[in-house]
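Reader: I am new to this structure. Please walk me through it in short questions and answers.

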Amino acid sequence: MPSHRTVYELNAPSPALVDAALSGSRREVFWLQDSAPAPRFGPLVGQATADLTVVGGGYAGLWTAVRAKRRNPAARVVLLEGQQIGWAASGRNGGFCEASLTHGAANGRNRWPDELDELDRLGLANLDGFAADVAELGLDCQFERPGMLTVAVEAHQLDWAKAGPGYLTQDQVRAEIDSPLFLAGNWDRGGALVHPARLAHELARAAAELGVEIHEHSQVTEIGHARSGPVAVRTARGSVRSDTVALATNVFPTLLRRARLFTVPIYDYVLMTEPLSGAQQDAVGWRNRQGLSDMANQFHYLRLTADHRILFGGYDAIYHYGRQVKESYEDRPASYRRLAEHFFAMFPQLEGVRFSHRWAGAIDACTQFCAFYGLARRGRVAYTAGFTGLGVGAARFAADVMLDLLAGEPTERTALSMVRRKPVPFPPEPVASAGIQFARWSLDRADHREGHRNPLMRTLDRLGLGFDS
Ligand SMILES: Cc1cc2nc3c(=O)[nH]c(=O)nc-3n(C[C@H](O)[C@H](O)[C@H](O)COP(=O)(O)OP(=O)(O)OC[C@H]3O[C@@H](n4cnc5c(N)ncnc54)[C@H](O)[C@@H]3O)c2cc1C
């Protein structure tokens with residue numbers, strides 16, 4: 001199979017154009033700036049008691065606190081966040097809020113074919129419940145439900161576009177969003193978009209109004225090991241004696257030894273343009289405001305903001321040896337440059353548009369590409385992580401699963417194999433690094449060879465260990 005150049009490489013803009021477009025950009029998260037001032041909460045100082053202590057102030061933790069109070073308004077719920085609410089993945093993601101709980105139908109079909117109908121039903125119910133909660137709690141987070149449009153940009157992707165009911169021909173897809181690269185598309189009308197940081201901050205506001213006691217700058221250092229009674233949750237300046245604990249710490253070092261090999265941090269990079277002028281908007285169309293992604297193994301995702309900017313992210317997904325989350329990994333000029341090149345290859349009519357912001361974030365990748373769950377400490381501590389880049393909608397479902405597990409009552413959620421079984425752990429270093437780099441190299445090669453995956457990738461796919469971002 002001869003290697004070929006991708007459409008992004010064939011249509012690369014001039015280096016001068018890319019330099020000019022990036023020159024004024026700041027390395028800051030647009031969403032967090034656009035959500036200021038956020039509600040702020042003081043640190044935990046001294047001793048407290050609780051029915052439930054939630055660790056982590058991203059979506060998974062915030063939904064757990066909110067849903068716990070909605071199940072039982074009298075419950076004493078404390079939420080501890082090590083830094084600030086929503087500063088991490090939840091404040092800096094693309095805002096694609098999808099129904100899928102399995103990181104897409106194909107992954108669900110491969111891993112849990114017997115459960116797929118049930119998973120689809122629960123995923124749609126979760127997204128409908130998400131919309132209902134946004135309305136009932138008055139969450140001002142720019143929730144909109146324009147659906148997701150996936151586009152074929154290479155000939156070998158055309159058959160993928162035709163699978164499923166939302167197929168659009170080249171003319172139809174270009175009438176929606178105009179790019180000379182788009183060959184066909186598939187419009188799934190279910191998905192939603194949110195303003196990521198506002199969602200996190202609004203969930204915190206709603207949680208506080210429901211009576212949740214929130215503390216920022218309260219890094220949990222230890223979960224106690226007592227043989228009976230409540231669990232001690234310790235921070236530098238205080239502790240909570242809690243009947244139950246929900247850990248929603250995502251990509252950060254887990255507080256449970258048993259969960260430490262299930263995830264690795266993969267860095268994902270994002271650009272945001274300045275607001276488009278009326279003429280620039282006319283040149284692209286996009287009146288229906290869909291979330292958009294292409295069908296490559298290494299895919300791009302893009303969407304509009306309320307003030308008509310374009311967010312353009314994805315493609316590069318970078319793992320750094322040693323599994324660490326580090327601010328310095330967010331500064332990767334080559335990834336931002338590549339994104340800018342691909343942006344202008346996709347939208348040459350937007351020549352002259354400049355980027356205002358660039359940022360990155362760590363994704364908690366696990367080998368099953370979607371969240372896993374568990375109980376520890378005599379069933380009093382529940383945990384979840386592993387959303388692998390699709391956690392905006394799924395975090396709300398994960399919150400319900402953790403509360404079900406802690407309640408000890410079987411539900412349709414806790415009966416799922418997806419919930420009961422753990423993913424295959426990543427090996428320790430240096431094997432993890434070598435394996436992940438090889439998998440990424442293979443995906444890149446597949447994108448340069450009409451989608452063909454090499455024998456190792458096919459073997460990993462068969463074993464359910466195929467790699468994705
Ligand atoms: C660039 C990027 C783009 C993405 N785009 C999308 C998208 O478009 N759609 C989608 O569905 N998903 C997307 N994702 C993934 C999505 O953002 C995450 O799956 C989701 O936000 C995870 O929420 P969380 O609450 O589990 O984690 P986080 O938001 O990371 O929150 C975890 C919190 O726990 C805190 N914490 C950790 N350890 C401790 C401790 N010991 N004590 C106290 N606090 C602690 C951290 O400080 C952090 O605030 C993207 C992710 C990134 C990085």
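Reader: Which residue in β18 does G374 stand opposite?

Author: This is a predicted model. In it, β17 covers residues 372–376 and β18 covers residues 381–385. The two strands run antiparallel and are joined by 5 bridges. Across this pair, the residue opposite G374 is Y383.

Reader: Is strand β17 largely enclosed or open?

Author: Buried means under 20% relative accessible area. In β17, 4 of the 5 residues are buried, so the rest of the structure surrounds the strand: it is largely enclosed.

Reader: Which residue in the hairpin of β17 and β18 takes a positive phi near 50°?

Author: Most residues other than glycine have a negative phi. The hairpin has 4 residues between its strands. The one with a positive phi near 50° is R377.

Reader: And R378, what is its phi, and is it buried or partly exposed?

Author: R378 sits in the loop between β17 and β18. It is not a glycine, yet its phi is positive, at about 60°. Its relative accessible area is 41%, so R378 is partly exposed.

Reader: Where does Q142 lie, and is it buried or partly exposed?

Author: Q142 also has a positive phi, about 50°, without being a glycine. Its loop runs between α7 (116–136) and β4 (148–152). With a relative accessible area of 26%, Q142 is partly exposed.

Reader: Now the ligand. Which residues around the ligand come nearest?

Author: There are 37 residues around the ligand. By class, they divide into 19 nonpolar, 15 polar and 3 charged. Those that come nearest are E81, S90, F96, V220 and V392.

Reader: Which helices and strands each supply at least two residues of the shell around the ligand?

Author: Two helices do so, and their residue ranges are 59–71 and 89–92. The strands cover 264–273 and 355–365. By name, these elements are α4, α5, β12 and β16.

Reader: How far is an oxygen atom of the ligand from an N or O atom in the side chain of E81?

Author: Backbone atoms make contacts too. A polar backbone atom of Y59 is 3.0 Å from a ligand oxygen. For G391, a backbone N or O atom lies 3.0 Å from an oxygen atom of the ligand. For the side chain of E81, the distance is 2.6 Å.

Reader: How much of the ligand's accessible area does the protein cover?

Author: Start with the ligand on its own. It then has 1000 Å² of accessible area. Of this, the protein covers 97%.

Reader: What should the 13 residues of α4 span?

Author: The rule is 1.5 Å a residue. The end C-alpha atoms of α4 are 18 Å apart, which agrees with the expected span. That span is 18 Å.

Reader: How many of the residues of α4 are buried?

Author: Helix α4 is mostly covered. Its buried residues include Y59, whose backbone has a polar atom 3.0 Å from a ligand oxygen. Others among them are W63, R67 and K69. The count is 11 of 13.

Reader: Which are the edge strands of the open sheet of 8 strands?

Author: The order is β5-β6-β4-β13-β14-β15-β12-β16, with mixed pairing. An edge strand here pairs on one side only. The edge strands are β5 and β16.

Reader: Within that sheet, which residue in β15 does L302 stand opposite?

Author: Strand β14 spans residues 300–304, and β15 spans residues 310–318. They run antiparallel, joined by 5 bridges. Opposite L302 stands F312.

Reader: Do β1 and β11 run parallel or antiparallel, and what stands opposite V54?

Author: Strand β1 is joined to β11 (residues 238–247) by 9 bridges, and the two run parallel. Opposite V54, in β11, is A246.

Reader: What is the bridge partner of V55 in β2?

Author: β1 pairs with β2 (residues 77–80) as well. This pairing is parallel, over 4 bridges. The partner of V55 is L80.

Reader: Where are P37 and P430, and what is omega for the cis bond before each?

Author: Most peptide bonds are trans. P37 lies in the loop between α3 and β1, and P430 in the loop between α14 and α15. The cis bond joining A36 and P37 has an omega of about -5°. From E429 to P430, the cis bond has omega near 5°.

Terms used
Residues numbered from 1 in each chain as written. Predicted model: local features only at pLDDT ≥ 70, side-chain atom pairs only at ≥ 80, totals over all residues. Heavy atoms only, no water. Buried < 20%, exposed > 50% of the residue type's maximum accessible area, 1.4 Å probe, protein only. Pairing = 2+ DSSP bridges. Near = heavy atom within 4 Å. Polar contact = N/O pair within 3.5 Å; in protein donor to acceptor, adjacent residues only side chain to side chain. Areas by Shrake-Rupley, 256 points an atom, 1.4 Å probe, with all protein chains shown as cover. Nonpolar A, V, L, I, M, F, W, Y, C, P; charged D, E, K, R; others polar. Expected span 1.5 Å × (residues − 1).
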